[in-house]
Amino acid sequence: MSLISRRTFLQGSAALGGAFAFGAGMAARAGAAPDPQILTAQLIEAQIAPDGVTPKVMTYRLGDAASNGMPPVLRMRIGEPYAARLINRLDEPTTVHWHGLRIPNAMDGVPEMTQPYVYPGDPFDYVFTPPDAGTFWYHPHCNTLTQMGSGLTGIIVVENPDDPAYDAEIVLNLRDWRLGKGGAFIDPFKPRDAARGGTYGTVRTANWQQEPSYDAPAGGLVRLRIAATDVTRIYTVGLEGADAMVVALDANPVDKPFPLDRYDVGPGQRIDLVVRMPDSEGATVKLDNLRGSHPWTIASLRATGQSLKRDLRDVAPLSANPIAEADLSVATRVPIDLTATAEHKATPSICGSLGYTFWAINKVPWPGDTPDPIAPIEEMKLGKSYVLQISNRTPHAHPIHLHGMSFRILNSNKRTFLPPPTDTILLLPDEQAEIALVADNLGDWVFHCHIIEHQKTGMTGYFKVV
């Protein structure tokens, strides 16, 4: 990783930093800013692999609580101001991106584009009001493959007081680790795999454990919040031993809950289930990954106590989030082609470069986190409607994520089920889809593949809303 001096960077970013401070002030004035939660990024040792302790694992600690494991679940409430002060105790710069939250651009956590780097020992204040309820997550947007791959991925639950009461709630953070003998980190990627579907981890975990088990009330209704925070893996989730209803996808409630058969969840995506636990104490429910030729168990639930005798037919739709619907009659159409690109050396970056370029959006590969980014994919006008005509012209799947705004999938040549509004679309090989959005959030909003090797080797761009 190529580093410039902190003084040189700060001198070149002074005016930009003033804009960030103004944005934070605007966010605070939107409501009474509470005292910030102290979120410390730090290095620890952790037992992840069965044959050794892994050194230099990256995690977040909340407040003064001791941390020897995964980042905490951050809980917020819809429509209520939230504040967090990031303290960087790592040995490199970092940021926090609040994945899926439609918040002010200055709070989005993308270095050079929306905020300065947070250097070791420095703080940064995030202040915003979540407009939507649901399951979200948080992670750095700096040296992303290494930092996320080393542990910096945590879940956010934005609660809606109008949501139904369930008998239990279980949150699952799904991710792989690239670990070798004795639990030591190995190379985070292989170039030949980065140029294809991505490099898989060697240890698969849920909440930093292999096949963890959780107790839940027998005969009860359990809300299972699942986030795929892995840098590469696409999951196909299914249950054995119980029935479940899908109630939300990527934080947005489905119009009508539907039974879970199997559902694809790519990096960056979330799925909320309501599981009806078995009536018999000790009965086990398995959450499985059914993708590929060798299915495996992600986690299990064990029924405890006397049956509550709840009924899945009682599961009602959740309240919809306030997502604006595009006016298709006047929408501007924007073609977007996802392609491979001729390999060339990537631009050095203070936030890390993989050293390769394999991918592009509209034939333009992202050059890296630099003070002078490429032109936006499209300059959008605030309040106007747009339809993005996306073509995946590769033989690989790409979970494409949009910061700061939500969109609706209008049609596709590869799918019949169209989910509710979302921030991520898992584009299948050779898929062509149209997605619609209202440009309702000012600023520069990154648009990228959430297979992080693809993101860092070119499949990134941004939209400017003015």
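A residue is called buried here when its relative accessible area is under 20%, exposed when it is over 50%, and partly exposed in between, with a 1.4 Å probe and protein chains only. The model is predicted, so that local features need pLDDT of at least 70 and side-chain atom pairs count only at pLDDT 80 or more, while totals for chains, interfaces and linings use all residues. Residues are numbered from 1 along each chain as its sequence is written, and side-chain values use heavy atoms, with hydrogens and water left out.

Of the 466 residues of the protein chain, 58% count as buried. The secondary structure comprises 5 helices and 29 strands, these being DSSP runs numbered from the N terminus (H or I of at least four residues for helices, E of at least two for strands). Among contacts (heavy atoms within 4.5 Å) between residues at least 6 apart in sequence, 74% join residues at least 24 apart.

One open sheet consists of 4 strands in the order 2-1-4-6, with mixed pairing; two strands are taken to pair if DSSP finds at least two bridges between them. Strand 2 (53-62) and strand 6 (123-128) stand at the edges with a single partner strand each, so one side of each has no neighbour in the sheet. Within this sheet, strand 1 (residues 37-47) and strand 4 (residues 82-88) pair in the parallel sense over 5 bridges, and A41 has N88 in strand 4 as its bridge partner.

Towards the end of the numbering, strand 28 (residues 443-449) is mostly covered, 7 of its 7 residues being buried. Strand 28 pairs in the antiparallel sense with strand 24 (residues 398-402) over 3 bridges, where H401 has H448 as its bridge partner. Strand 28 is also joined by 6 bridges to strand 29 (residues 460-465), again running antiparallel, and there the bridge partner of F447 is G461.

F447 appears again in the interior, where it is listed with I336, L388 and L437 as touching the most other members of the largest nonpolar core, a set of 40 residues. Apart from that core lies another, of 31 residues, among them A218, V222, L260 and A303. A nonpolar core is defined as a set of buried Ala, Val, Leu, Ile, Met, Phe, Trp, Tyr and Cys residues joined through side-chain atoms within 4.5 Å.

The structure also holds 23 salt bridges, each a side-chain nitrogen of Lys or Arg within 4 Å of a carboxyl oxygen of Asp or Glu. In one of them the side chains of R75 and E169 meet at 2.5 Å, N to O. Because R75 lies in strand 3 (residues 74-77) and E169 in strand 9 (residues 168-177), the pair ties together parts that are 94 residues apart in sequence. R75 counts as partly exposed at 39% relative accessibility, as does E169 at 33%. Both residues belong to a network of salt bridges that also links E159, D163, R223, R225 and D272. A further salt bridge joins E325 to R408, with the closest N and O atoms 2.7 Å apart. This pair links distant parts of the chain, since E325 is in the loop between strand 19 (296-304) and strand 20 (332-340) and R408 is in strand 25 (residues 408-412), 83 residues apart.

Finally, the loop between strand 21 (359-361) and strand 22 (378-380) contains N362, whose phi is near 50°, a positive value in a residue other than glycine. K363, in the loop between strand 21 and strand 22, has a positive phi of about 70° although it is not a glycine. N362 is partly exposed at 30% relative accessibility, whereas K363 is exposed, with a relative accessible area of 73%.
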